[in-house]
Amino acid sequence: WLGLLSRLEANEFVQDVVSDFTFTKFGLEPGQRQFTLRTTVTNGATVTNVLIARLAFGTNGTEGRAYARRFDEDSVYGISARDFMHLPVAAWQFRDHRVWNFTTNQISRITVRQGGATRNAVRQPTGEWIGAGGWAREINPFAMEEITRALGELTATMWLGRGENVRERFGFGADTAQFEVELRAEPPQAGQKLLIEFGGKSPIGLPYALTTLDGQPVVFEFPWVLYADLQRYFELALPRVRQ
């Protein structure tokens with residue numbers, strides 16, 4: 001999230017100086033959402049919290065934008081509504097957006113389950129991919145290597161929900177597509193199975209994905225390009241989404 005905040009750019013200067021210092025008409029007094037960044041400085045036995053930045057965001061904007069202000073300035077900025085939607089609303093959403101880490105060489109098998117059918121693609125220690133258990137098409141080894149590399153670096157676009165109650169809320173049911181990566185029986189992730197389920201679509205058209213982190217189901221927005229590749233090369237009949 002801090003990376004997103006550091007890259008956050010204003011679409012426009014809405015008002016250079018707000019003379020009444022209330023910011024009320026912009027929804028910025030105090031703001032629908034506020035973020036304060038601090039660091040600690042130790043002087044002898046005393047620890048002081050030093051303010052780095054404080055931002056407020058308001059949703060009184062129109063035409064797909066929200067308002068924003070820095071507390072050390074009198075100006076109001078306009079940012080995209082999409083950027084505003086991706087800002088966290090709960091403490092757990094501040095966790096790293098990297099879902100997991102593995103290399104293609106660590107993969108032993110990929111299993112796809114959907115509608116009662118199961119397909120498997122097995123990666124040999126030599127690096128060769130072989131279809132098994134319902135896999136009927138020729139495997140493109142170059143595409144598989146690139147897709148699995150991207151899967152190993154999977155990063156959530158946004159954390160959306162967690163807990164046992166998220167399945168129905170985000171469109172996950174008994175017939176949702178499941179995509180499982182099984183790692184080789186070697187350390188540090190010996191024999192681990194990493195599972196993703198795909199549900200509905202977010203308001204901006206990205207697919208909802210569900211996995212388990214720290215023992216809890218977690219829903220996130222899945223990257224669109226990788227999602228399209230999974231549809232193409234693994235024949236997943238997933239809901240079509242707009243780019």
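Select Arg69 and Phe71 to begin: Arg69 lies over the face of Phe71, 4.3 Å from the ring centre, where a charge sits over a ring if NZ of Lys or CZ of Arg is within 6 Å of the ring centre and within 35 degrees of the ring normal. Add Arg54 to the selection, and its charged end is found over the ring of Phe71 as well, at 5.8 Å from the centre.

The model is predicted, so local features need pLDDT of at least 70 and side-chain atom pairs count only at pLDDT 80 or more, while totals for chains, interfaces and linings use all residues. Residues are numbered from 1 along each chain as its sequence is written, and side-chain values use heavy atoms, with hydrogens and water left out.

Turn next to the aromatic pairs, of which a search of the whole structure finds 10; rings of Phe, Tyr and Trp (its six-membered ring) pair if their centres lie within 6.5 Å, with planes under 30 degrees apart counted as stacked, over 60 as edge-to-face and the rest as tilted. Select Trp159 and Phe220, whose ring centres are 5.7 Å apart with planes at 75°, so the pair is edge-to-face. This pair links distant parts of the chain, 61 residues apart, with Trp159 in strand E9 (residues 159-162) and Phe220 in strand E13 (residues 216-221); strands are DSSP runs of at least two residues, numbered from the N terminus.

Keep Phe220 and add Phe222: the two form a tilted pair, 6.2 Å centre to centre and 35° between the planes. Both Phe220 and Phe222 are buried, that is, under 20% relative accessible area with a 1.4 Å probe and protein chains only; the value for Phe220 is 0%, and Trp159, also buried, has 1%.

Finally, select Phe198 and Tyr227 too, since ring pairs link Trp159, Phe198, Phe220, Phe222 and Tyr227 into a cluster.

Notes:
Helices (H or I, at least four residues) and strands (E, at least two) are DSSP runs, numbered from the N terminus. Buried means under 20% relative accessible area, exposed over 50%, partly exposed in between (1.4 Å probe, protein chains only).
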